[in-house]
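Colleague: I have this model open on my screen and would love a close look at one part of it. Could you walk me through that part and then show me how the rest fits around it?

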Amino acid sequence: MFRLETDRALIESFRSPDRRVIEMPEGVTFPLFVRDYLAWTETSGARVYLVFAAPGSRKPIGIIFRRDTSDSGLGSRICDWCHSTGSSSEVGLLTTDVNSKRRVGVCLCMDLRCKEKLEDAADRSGRLPRQALEQLRERMFRFAHEALGIEAQPAA
Ligand SMILES: [Zn+2]
C-alpha cells in the first residue's frame with residue numbers, strides 16, 4: 001500500500017517526459033491510499049495509466065501505456081501479468097516508451113483490471129487473493145525494471 005498526498009505526487013510518479021500529457025483519473029481525491037495499484041483509461045481510450053509500488057517499496061511508479069490499435073488479430077490472448085485470457089479487445093498489446101527512440105510492448109489486459117480478475121479467480125477457488133496480488137506487483141515491477149530500467153526505491 002502507498003499513499004499519494006496530492007495530485008502532484010501522482011503526476012511525479014511518472015517519468016518526466018510523460019508528465020506533460022497526463023489525463024487525471026476521474027473521481028479521485030487526495031490524499032489517496034492505493035492498496036495494490038491504480039489504473040485508469042483515458043477518455044479517448046488511446047492510453048492506459050498505471051501507478052503501483054514495487055514490492056517492499058512505497059515509492060509510486062507510473063507508466064503510461066498506449067494501446068496498439070493495429071493489433072486486431074483473432075483468437076484469444078493471455079495477459080502477461082494476471083494470465084487471464086481474452087479476445088483482442090480484452091487482452092492485447094500495450095506499448096510504452098523506453099526513451100525517445102525506442103518502445104516496448106507487452107501483452108496485457110487492455111484496461112489493466114488484472115486485480116479484479118485475480119480476485120474473482122481467487123473467490124471461485126476459495127483462496128485468498130493476497131499472494132496472487134503480490135505476484136502481480138512483482139510482475140509489474142519486473143517489467144518496469146527490465147524493460148524501462150526503473151529502479152525500486154525503498155520508502156523514505
Ligand atoms: Zn491482466
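Which residue in β8 is the bridge partner of R67? Please start there and take me through the strand pairing around it.

Modeller: Happy to, and please keep in mind that this is a predicted model. The bridge partner of R67 in β8 is L94. That pair belongs to the junction between β5 and strand β8, residues 91-97, where 2 bridges join the strands and the two run antiparallel.

Let's stay with β5 for a moment. The strand covers residues 60-67, and 7 of its 8 residues are buried. A residue is called buried here if 20 or more other C-beta atoms lie within 10 Å of its own. With that count, β5 is largely enclosed by the rest of the structure. For the chain as a whole, 27% of the 156 residues count as buried.

Now turn to another partner of β5, strand β4. This strand spans residues 47-53, and it pairs with β5 in the antiparallel sense over 7 bridges. You can follow the register by eye: R47 stands opposite R66 in β5, while F52 stands opposite I61. β4 and β5 form a hairpin with 6 residues between them. In the turn of that hairpin, look for G56, whose phi is positive at about 80°.

If you zoom out, these strands turn out to be part of an open sheet of 5 strands, in the order β3-β4-β5-β8-β9, with antiparallel pairing. β3 (37-41) and β9 (103-109) stand at the edges, and each has a single partner strand, so one side of each is left without a neighbour in the sheet. Direction ignored, neighbouring strands of this sheet are turned by 30° against each other on average.

Where does the sheet sit in the chain? There are 3 helices and 9 strands in total. Starting from the N terminus, the elements run β-α-β-β-β-β-β-β-β-β-α-α, with two helices closing the series.

Those two helices make a nice second stop. The axes of helix α2 (residues 114-125) and helix α3 (residues 130-148) come within 9 Å and cross at roughly 150°. The two helices are therefore roughly antiparallel to each other. Their crossing is right-handed. On the α2 side, the contact is made by C114, K115, L118 and A122, and on the α3 side by A132, L133 and L136.

For a contrast with the buried strand, try F30, which lies in the loop between α1 (7-12) and β2 (32-34). F30 is exposed, with 12 other C-beta atoms within 10 Å. Leaving aside its neighbours within four places in sequence, F30 is in contact with L4, E5, T6 and D7. If you would like a sense of distance, measure from F30 to G73: they are 43 residues apart in sequence and 40 Å apart in space, C-alpha to C-alpha.

Finally, the overall dimensions. The C-alpha atoms fill a box of roughly 45 × 40 × 30 Å along the principal axes. A compact globule of 156 residues would have a radius of gyration near 15 Å, and the chain has 15 Å, which agrees. Of the contacts with a separation of 6 or more, 51% are between residues 24 or more positions apart. To come back to your starting point, R67 and L94 are one of the pairings to look for where β5 meets β8.

Definitions and conventions: Residues are numbered from 1 along each chain as its sequence is written. This is a predicted model: local features need pLDDT of at least 70, side-chain atom pairs count only at pLDDT 80 or more; totals for chains, interfaces and linings use all residues. Helices (H or I, at least four residues) and strands (E, at least two) are DSSP runs, numbered from the N terminus. The radius of gyration is taken over C-alpha atoms; the globule rule is 2.2 Å times the number of residues to the power 0.38. Two residues are in contact if their C-beta atoms, placed from the backbone, lie within 7 Å. Two strands pair if DSSP finds at least two bridges between them. Axes are lines fitted to C-alpha atoms, for helices over the stretch in contact, and angles run from 0 to 180 degrees between N-to-C directions. Angles under 35 degrees count as roughly parallel, over 145 as roughly antiparallel, 65 to 115 as roughly perpendicular and the rest as oblique. A crossing is left-handed if the near helix is turned anticlockwise from the far one by less than a right angle, and right-handed if clockwise.
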